[in-house]
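User: I have a model open here and would like to go through some of its helices and cysteines. Could you take me through them?

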Amino acid sequence: MIDSTGRPHAIGDGSPPAATMRLTSKACEYTLALNPALSVGEAYMDGRLAIEDGSLYDFLDVVARNYGVSGTNPWVALLERLGQGVKQANPIGRARRNVAHHYDLSSDLYSMFLDSDRQYSCAYFESPEDTLEAAQENKKRHIAAKLTLDRPGLKVLDIGSGWGGMALYLAEKFGADVTGVTLSTEQHEYSMQRAAGSPAGLRVRFELRDYREVEGPFDRIVSVGMFEHVGKKNYAEFFTRVRDLLTEDGVALIHTIGYADAPAPINPFMRKYIFPGADLPSLSEIFAAVEPLGLLVTDVEILRLHYAETLRHWRERFMARADEAAALYDERFVRMWEFYLVLCEIGFRRRTMVVFQMQLTRRIDILPTTREYIARAEENAVASLQRENWSV
């Protein structure tokens with residue numbers, strides 16, 4: 001580390017990974033000490049912290065590998081305890097503003113790094129050689145198998161439907177009747193355009209509304225990457241609504257980022273600059289919200305490292321087109337998003353961030369008693385795709 005006076009400080013034994021960090025202002029040294037979880041990202045975004053040798057990834061990798069090695073600093077521990085008490089209310093108006101902050105950015109930005117279907121959530125890598133497109137297709141197929149779409153015409157609700165890829169997949173491949181809801185005007189417009197050109201367009205619709213405004217019932221409910229925006233204070237409200245919208249023999253699948261250890265607040269940089277109002281659950285928090293409501297957790301799968309690989313693909317794609325992103329916004333925006341993508345990848349690769357896929361029902365006898373049906377459904381979906389490709 002090179003401080004604001006130009007004096008170098010060697011930290012560690014020099015083994016890889018290694019990086020050289022330069023601080024360009026004296027004030028930055030104090031802000032980094034007072035609240036590093038927020039200030040490191042702000043300093044990098046504003047150019048007050050520069051990486052001279054190595055990369056931002058190398059620097060944050062060093063930090064993550066050594067986090068907690070010598071015991072938690074008392075000041076950092078205090079900040080973390082204070083953060084755990086933050087449980088934001090999430091009324092519909094605030095939820096709309098929070099969604100707009102991130103998801104109503106330019107459509108051109110997301111086309112720079114997402115797959116062709118614009119899946120903005122954890123992919124499912126069945127092999128390290130999988131492309132991002134293949135892994136996102138795997139994810140949709142895996143989720144569909146857990147929804148047991150065993151007959152056409154099932155009514156499906158997609159909570160947080162994004163750019164429409166999941167809803168269209170379920171309608172086109174399984175004959176489902178799908179309603180997708182989003183609070184993003186950009187995503188809603190894009191989804192509507194896709195539905196208009198889909199062969200299953202009559203079976204899929206997208207609505208610009210909050211999930212709390214939807215009327216049921218639905219045979220299946222799917223939500224991918226939306227639960228992170230609910231907020232810890234509102235978990236019971238979310239699952240109560242899922243229960244009330246689900247038919248007696250219905251199945252729900254919730255796919256969310258979470259912590260594999262004890263409950264904790266989301267990183268403050270992420271909350272302030274990237275996903276305002278967001279928070280990440282631990283399994284204990286989810287189960288505590290679900291258990292009193294008459295819902296049954298019938299399956300939980302924990303995806304480890306899949307999101308790290310997804311984020312690696314996104315980061316590499318984004319940085320390859322950083323000049324275009326800077327022209328769209330500015331250099332500060334590019335550094336902010338680089339920090340966001342690197343921080344999240346490191347969180348999944350070195351820390352305790354994982355993805356939960358949780359299946360829920362209202363009755364204990366709705367699903368098969370072993371998990372073999374999931375593999376069979378995926379095999380059938382792959383075989384069907386191969387037949388389609390062969391016929392073409």
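Analyst: The following turns cover a helix pair, a covered helix and the cysteines. This is a predicted model, in which local features need pLDDT of at least 70, side-chain atom pairs count only at pLDDT 80 or more, and totals for chains, interfaces and linings use all residues. Residues are numbered from 1 along each chain as its sequence is written, and side-chain values use heavy atoms, without hydrogens and water.

User: At roughly what angle do α13 and α15 cross?

Analyst: The axes (lines fitted to C-alpha atoms over the stretch in contact, with angles from 0 to 180 degrees between N-to-C directions) of α13 (residues 306-320) and α15 (residues 331-350) cross at roughly 160° and come within 8 Å. Helix α13 is therefore roughly antiparallel to α15 (an angle over 145 degrees).

User: Which residues of α13 meet α15?

Analyst: Among them are Tyr307, Leu311, Trp314 and Phe318, and the α15 side includes Val334, Trp337 and Leu341; contact means heavy atoms within 4.5 Å.

User: Switching to α2, how many of its residues are buried?

Analyst: Eight of the 11 residues in α2 (residues 36-46) are buried, that is, under 20% relative accessible area with a 1.4 Å probe, protein chains only. Their cover includes α1, β2, α3, α11 and α15. Glycine 47 follows α2 and has a positive phi, near 85°.

User: And how many disulfides are there?

Analyst: The structure has zero disulfides (pairs of cysteine sulfur atoms within 2.5 Å).

User: Why is cysteine 344 not bonded to cysteine 122?

Analyst: Cysteine 122 holds the closest cysteine sulfur, but at 12 Å from that of cysteine 344 it is too far for a bond.

User: Is cysteine 344 buried or exposed?

Analyst: Cysteine 344 counts as buried because its relative accessibility is 11%. Cysteine 122 also counts as buried, at 0%.

Technical notes:
Helix = DSSP H or I, 4+ residues; strand = E, 2+ residues; numbered from the N terminus. Parallel < 35°, antiparallel > 145°, perpendicular 65-115°, else oblique. Buried < 20%, exposed > 50% of the residue type's maximum accessible area, 1.4 Å probe, protein only.
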